Amino acid sequence: MRRPALRRNAAIIGGRARECLYDRTLRSCSGDSPNVIHPFPDTETEAHRRELASPDRLAAVTATGLIDSLPEEAFDRVVRLATKVTGVPVGLFTLVDDRHQAFKAREGLAGENATVTETPLSSSFCQYVVTSDQPLAVSDARTHPLLSQN
């Protein structure tokens with residue numbers, strides 16, 4: 001049987017850079033044992049708050065010099081390419097600290113959202129990916145207990 005075509009992506013999850021391979025079912029492949037994408041948590045835990053405020057994680061985010069920096073065409077191109085390759089209407093390059101998420105690059109936001117450069121953590125899906133250190137998926141954010149007010 002032929003293996004599906006894989007896409008190579010760089011991802012920063014939980015402050016650590018990883019190279020990931022994804023097939024069309026969005027399973028992360030590591031050798032012969034794929035890791036499924038996990039569901040979003042239903043509640044915000046103390047461990048989540050601790051990891052979000054971790055001095056090591058915050059220092060790593062700050063050291064990039066990217067949070068709250070001006071737009072750069074290189075990041076814009078990466079986000080445009082990612083949205084095109086994955087076929088999604090919106091793509092964001094997001095950095096999360098302990099008070100907000102900043103959009104280094106964005107594609108596909110319309111109207112008043114087209115110029116948004118940051119949101120408070122209360123509007124952040126990304127904070128949960130960062131603190132869980134694993135890919136997460138939600139089937140319908142409108143009905144999810146943590147995300148429905150986003």
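Is Phe75 buried or exposed? With a relative accessible area of 18%, Phe75 is buried. Keep in mind that this is a predicted model. The close-ups below start with the sheet and come back to Phe75 along the way.

**Figure 1. Here's an open sheet of three strands, in the order 5-6-7.** Neighbouring strands pair in the antiparallel sense. The edges belong to strand 5 (91-96) and strand 7 (118-120), and each of these pairs on one side only. Going from one strand to the next, the twist averages 30°.

**Figure 2. Zoom in on strand 5 and strand 6, which make a hairpin.** Three residues sit between the two strands. Strand 6 covers residues 100-107, and six bridges join it to strand 5 in the antiparallel sense. For one of the partnerships, find Leu95: its bridge partner in strand 6 is Ala102.

**Figure 3. Now add helix 3 (residues 73-86), which packs on the sheet.** The helix touches strand 5 and strand 6. Compare the directions of helix 3 and strand 6, and you get an angle of about 75°.

**Figure 4. Meet the aromatic pair, Phe75 and Phe93.** To describe a pair of aromatic rings, you give the distance of the centres and the angle of the planes. For Phe75 and Phe93, that's 5.0 Å centre to centre and 75° between the planes, an edge-to-face arrangement. The count of aromatic pairs comes to one. Phe75 belongs to helix 3 and Phe93 to strand 5, so the pair links distant parts of the chain, 18 residues apart. What about accessibility? Phe75 is buried at 18% because the cut-off is under 20%, while Phe93, at 24%, counts as partly exposed.

**Figure 5. Thr83 is a buried residue in helix 3.** Its relative accessibility is 8%. The side chain of Thr83 reaches the backbone oxygen of Arg80 at 2.8 Å. Leaving out residues up to four places away in sequence, Thr83 touches Val88, Val90, Gly91 and Glu107.

**Figure 6. A salt bridge joins Glu72 to Lys104.** Their closest N and O atoms are 2.7 Å apart. Glu72 lies in the loop between helix 2 and helix 3, and Lys104 lies in strand 6, so this pair ties together parts that are 32 residues apart in sequence. Glu72 is partly exposed at 36%, but Lys104 is buried, with a relative accessible area of 3%.

**Figure 7. Here are some other salt bridges to look for, from the seven in the structure.** Arg80, whose backbone oxygen you met beside Thr83, also meets Glu73 side chain to side chain, at 2.5 Å from N to O. Arg80 is partly exposed at 34%, and Glu73 is partly exposed at 41%. Elsewhere, Asp140 and Arg142 form a salt bridge with their closest N and O atoms 2.9 Å apart. Asp140 is partly exposed at 23%, whereas Arg142 is exposed at 69%. You can also find a network of salt bridges linking Glu44, Glu46 and Arg49.

**Figure 8. Last stop: Asp68, which has a positive phi although it's not a glycine.** The angle is about 60°. Look for Asp68 in the loop between helix 2 (55-63) and helix 3. Asp68 is partly exposed, with a relative accessible area of 46%.

How values were computed:
Residues numbered from 1 in each chain as written. Predicted model: local features only at pLDDT ≥ 70, side-chain atom pairs only at ≥ 80, totals over all residues. Heavy atoms only, no water. Pairing = 2+ DSSP bridges. Helix = DSSP H or I, 4+ residues; strand = E, 2+ residues; numbered from the N terminus. Axes fitted to C-alpha atoms, helices over the stretch in contact; angles between N-to-C directions. Contact = heavy atoms within 4.5 Å. Buried < 20%, exposed > 50% of the residue type's maximum accessible area, 1.4 Å probe, protein only. Polar contact = N/O pair within 3.5 Å; in protein donor to acceptor, adjacent residues only side chain to side chain. Phe/Tyr/Trp six-rings, centres within 6.5 Å; stacked < 30°, edge-to-face > 60°. Salt bridge = Lys/Arg side-chain N within 4 Å of Asp/Glu carboxyl O.
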